[in-house]
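Student: I'm new to this structure. Could you take me through one packed part of it closely, and then show me a helix to set beside it?

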Amino acid sequence: MSRIKVELKKKDVDTIREICKSFNNLPGELINVLHKAQHTFGYLPAEVQEVVARELNVPVAKVYGVVTFYSFFSMIPKGKHPISVCTGTACYVRGAENVLAEFKKNLKIDVGETTSDGKFSISCLRCVGACGLAPVVMVGEKTYGRVSPEMVKDILKEYDE
Amino acid sequence: MEMVKLTIDNKQVEIPKGTTIYKAAKQVGIDIPVLCYMDLKDLNIEHKPGGCRICVVEVEGRRNLAPSCSTEVTEGMNVKTHSIRVLNARRTVLELLLSDHPKECLTCAKSGNCDLQNLAIMMGIREIHNEDIAEMSTYRMDTSPAIIRDLNKCIMCRRCETMCNDFQTVGALSAINRGFMSVVAPAFEMDLEDSVCTYCGQCVAVCPTGALTEVDHTRQLIRDLANPNKTVIVQTAPAVRVALGEMFDLPAGTLVTGKLVAALRRLGFKYVFDTDFSADLTIMEEGTELLERLTRHLSGDKTVKLPILTSCCPGWVNFFESQFIDMLEIPSTARSPQQMFGSIAKTYFADKIQVKRQDLVVVSIMPCLAKKYECTRDEFKVDGNPDVDYSISTRELGHLIKQANIDFHSLPDEEFDNPLGESTGAAVIFGATGGVIEAAVRTAYEIFTKKKLEKVDFLELRGMGGIREATLDFDGLPIRIGIAHGLGNARKLLEDIRSGKSNYHAIEIMACPGGCIGGGGQPLHHGNIEILKKRTAAIYREDANKPIRKSHENPYIIKLYEEFLGKPLGEKSHKLLHTHYVDKSKKIIYI
């Protein structure tokens with residue numbers, strides 16, 4: 001897994017400490033702590049995991065083990081405009097895979113990665129409850145329906161600054 | 001106790017409720033094959049993740065097969081351990097494991113001693129179905145100064161993880177990623193060298209395959225022995241002589257000191273010496289240090305740090321350097337016997353035989369993998385030349401003797417060379433947990449009380465209990481001793497000191513179960529802890545057979561101080577026999 005170096009400020013360390021404390025620093029609450037930490041920081045860099053490990057008194061290796069086991073957790077910050085391609089059953093059968101391939105080709109990144117300028121990231125999700133619009137893509141909070149590979153370039157253009 | 005009656009392979013078994021099928025079967029002599037399972041009885045470690053499914057059995061009325069290592073018995077259960085369904089399932093499981101395993105058995109370091117290979121032999125595997133379409137999971141190799149990780153050979157039994165986290169509480173290893181991508185690795189997949197690993201080697205000692213092995217120094221040794229410009233000398237640790245025999249099918253606990261010396265001489269070492277000699281030297285330095293701190297403490301000096309902790313074990317040193325950095329001043333500054341030997345060999349002895357430091361190769365035979373790392377430490381080098389050039393494990397020595405077609409069994413018993421080969425019983429017991437402190441007490445008592453110690457056996461300091469304590473009578477003064485083996489036990493002891501709960505004068509700590517006799521470089525015990533007990537018994541037999549049993553009575557040690565060192569803790573001793581400790585905690589947290 002690629003590694004991003006982050007320098008935590010004292011404020012950040014305190015935030016992590018508070019999160020741990022809200023779960024009584026129990027090692028068994030590791031997953032909940034990581035959930036909340038990711039919600040706060042957007043992702044879980046190594047430095048955050050180290051503080052969590054120390055506070056809950058579990059080896060850093062174990063924390064890293066949990067972070068890499070659950071696909072929900074990420075060690076890479078999401079892009080400014082996170083792209084989520086639905087690969088649920090309905091979207092999948094209506095060509096979500098081709099749409100996903102087009103996004104990957106255009107942005108030159110894989111699922112779970114972020115473009116080097118930090119603008120876009122790609123993830124997959126399973127069903128947003130809009131199967132009638134399949135295949136569905138979300139960019140940030142905005143939803144796009146009946147997306148075809150040809151539309152991908154235009155969608156990305158909307159986010160030109 | 002509530003008992004449960006059941007039938008296993010048509011045999012009636014009555015066993016306490018809560019027992020697993022695997023253990024119940026064992027009681028009636030049925031040995032169900034296992035792979036990931038590991039039961040280290042006296043160490044309170046039972047590893048039963050139920051992950052490999054080799055141990056499956058058929059339970060009447062149950063839809064699927066049950067993993068016997070983690071399924072508890074129930075009343076009236078009818079178990080078949082080798083029905084055709086069971087045998088087919090086991091074969092499929094094994095074939096699946098093998099389909100993703102490198103077929104390098106001919107060249108693998110674990111060949112002949114591999115649990116996976118043994119199972120394949122036992123099950124008569126002759127082909128692996130669908131091997132051609134099987135994908136191989138690959139992972140980079142990681143080579144540290146002591147341990148090599150080749151995770152292509154990992155079967156995810158996770159025994160290493162249990163030893164590293166639950167027994168040693170080092171926390172260097174964890175299973176990471178998921179499914180086909182999963183491996184056991186340090187945090188953030190850093191190299192072992194950059195992690196909190198102490199090189200204790202207990203992961204290597206329990207690894208069923210060739211995924212975790214020691215760095216092999218035997219090729220280097222063969223080259224050096226053949227080099228006419230080098231004088232190659234050897235030291236052997238106490239625990240080697242009680243375990244090497246196992247490499248040649250001798251029963252565990254056979255003492256092979258004489259044959260060990262003879263084998264080393266035949267391999268071509270110019271001088272065959274004994275780490276026991278420098279163990280005696282360690283007692284002189286460490287014992288004096290204990291007495292010095294004790295005397296200052298008794299005279300009311302508040303700056304003196306007690307308890308004094310032993311510092312012979314390099315795994316333990318690595319542990320406190322990374323996890324107990326607030327206590328770096330407590331351990332004795334005495335170097336380990338391996339390193340004391342090295343520095344005396346490359347000064348005092350090199351002068352005696354008039355060989356230049358760089359032409360003298362000092363090799364150590366150790367039950368330990370952390371020793372491989374220890375001799376690479378910068379503190380133990382002079383102008384880049386290490387005091388001990390490299391260390392080879394008991395296992396490596398066994399292989400080397402076989403390689404040189406030396407018939408170990410027909411070797412005569414030979415004696416160590418002098419001056420660095422003479423030792424006392426006190427030095428021999430360094431190999432077992434409690435031994436270093438017992439040896440220290442034998443000397444410290446006589447120096448402190450100025451009386452002769454009549455009874456040299458301190459049985460209260462011996463045993464396999466993870467944490468032990470005893471109070472000894474130093475002529476009216478009670479001396480409180482603590483002993484721990486296994487780093488998890490050491491952690492408990494240290495936390496009690498830190499919190500002020502305990503008030504020992506001296507503590508001995510060894511990283512491995514049973515002390516050095518259970519070291520990461522010893523012949524594999526395959527989970528049989530009885531082997532460790534037999535090695536321990538042999539250590540105390542060797543001690544009892546020694547004519548001199550107190551370190552300060554070793555005539556060559558007395559001579560070494562007269563001719564060369566001066567006095568314990570003197571200026572020369574300080575330079576050659578003591579060290580300092582480094583804060584390695586930055587490796588864990590960098591914020």
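**A helix pair in chain A**

Tutor: Happily! The crossing of α2(A) and α3(A) is right-handed; that is, the near helix is turned clockwise from the far one by less than a right angle, while anticlockwise would be left-handed. This is a predicted model, where local features need pLDDT of at least 70, side-chain atom pairs count only at pLDDT 80 or more, and totals for chains, interfaces and linings use all residues. Residues are numbered from 1 along each chain as its sequence is written, with chains lettered from A and ligands numbered from 1 in the order in which they are written.

Helix α2 of chain A covers residues 30-41 and helix α3 of chain A covers residues 46-56 (helices are DSSP runs of H or I, at least four residues, and strands are E runs of at least two, numbered from the N terminus). Their axes come within 11 Å and cross at roughly 145 degrees; axes are lines fitted to C-alpha atoms over the stretch in contact, with angles from 0 to 180 degrees between N-to-C directions.

From α2(A), Leu30(A), Val33(A), Leu34(A), Ala37(A) and Phe41(A) meet Val48(A), Val52(A) and Leu56(A) of α3(A) (contact puts C-beta atoms, placed from the backbone, within 7 Å). By class, this contact has eight nonpolar, no polar and no charged residues.

Now for chain B: nine of the 10 residues in helix α9 (residues 314-323) are buried, with 20 or more other C-beta atoms within 10 Å of their own. Among them are Trp316(B), Phe319(B) and Phe320(B). Their cover includes α11, α15 and β22 of chain B.

Notes. Contact = placed C-beta atoms within 7 Å. Nonpolar A, V, L, I, M, F, W, Y, C, P; charged D, E, K, R; others polar. Buried ≥ 20, exposed ≤ 12 C-beta atoms within 10 Å, placed from the backbone.
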